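User: I am new to this structure and would like a close look at a single part of it, the charged side chains and how they meet. Please take me through them with care.

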Amino acid sequence: MTMTSTGTAKVTLPADDQILITRDFDAPRHLVWRAWTTPELVERWWAGHRGTVASVEIDLRVGGGWRYVMEASGGFEVGFHGEYREIEPEERVVSTEVFEGMPDAHSVNTLTLSESDGRTHMEVLVQHENQEHRDGHINSGMEGGMQESMDLLEEVAVSLGD
């Protein structure tokens, strides 16, 4: 039985306006990609343990959009949306991200996946417009929810088999 990791994503701040998230998954890249880009699979991991996913919309093409909405445990909705700028299937996605509660504080996120020995290495570079927005993102408590989401993403990817 494959064991999944807990809280193993690393968050670093490579520049004043950047957040870098790295994590390894005990699943091949094509399964992590599938779990990241398939709406019914995103519903299983994106909210972590902080609520339930109310909707996931993904139009996975350059110029297409995405929107995720969570019904948080406190009874309120949290929504994010963006547009896909670059897509290299199973390797890389560049997209914008807007937290609908702070629409002026958007970012450009670059997801990169690589594989070695059946394991996937993920990097997500979050490029904010300035340090104030980056710091607001970090100070929002994003890391705890992100750790839960990444653990569940790994569980979903592993459950897909080969």
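Analyst: In this predicted model, a good place to begin is the salt bridge in which the side chains of Glu 86 and Arg 92 meet, at 2.9 Å from N to O. Glu 86 is partly exposed, with a relative accessible area of 36%, and Arg 92 is also partly exposed, at 26%, because that term covers values between 20% and 50%.

The loop between β5 (77-88) and β6 (92-99) holds Glu 91, which is itself partly exposed with a relative accessible area of 36%. Together with Glu 90, Glu 115 and Asp 117, Glu 91 belongs to a patch of negative charge on the surface.

The structure holds 9 salt bridges, and one of them joins the side chains of Asp 26 and Arg 119 at 3.4 Å, N to O. Asp 26 sits in the loop between β2 (18-25) and α1 (29-37), whereas Arg 119 belongs to strand β8 (residues 119-128), so this pair ties together parts that lie 93 residues apart in sequence. Both partners are partly exposed, Asp 26 at 29% relative accessible area and Arg 119 at 34%.

Another salt bridge brings together the side chains of Arg 61 and Asp 59, at 3.0 Å from N to O; here Arg 61 is partly exposed at 45% relative accessibility, and Asp 59 is partly exposed at 31%. Finally, salt bridges also link Arg 23, Asp 151 and Glu 154 in a network.

Conventions
Residues are numbered from 1 along each chain as its sequence is written. This is a predicted model: local features need pLDDT of at least 70, side-chain atom pairs count only at pLDDT 80 or more; totals for chains, interfaces and linings use all residues. Side-chain values use heavy atoms; hydrogens and water are left out. Patches are made of residues with over 30% relative accessible area and no salt bridge: like charges are joined within 9 Å, nonpolar side chains (Val, Leu, Ile, Met, Phe, Trp, Tyr) within 5 Å. Accessible areas come from the Shrake-Rupley method with a 1.4 Å probe; for residues, only the protein chains shown count as cover. A salt bridge is a side-chain nitrogen of Lys or Arg within 4 Å of a carboxyl oxygen of Asp or Glu. Lys and Arg count as positive and Asp and Glu as negative; His and the chain ends are not counted. The place of a charge is taken as NZ of Lys, CZ of Arg, CG of Asp or CD of Glu. Helices (H or I, at least four residues) and strands (E, at least two) are DSSP runs, numbered from the N terminus. Buried means under 20% relative accessible area, exposed over 50%, partly exposed in between (1.4 Å probe, protein chains only).
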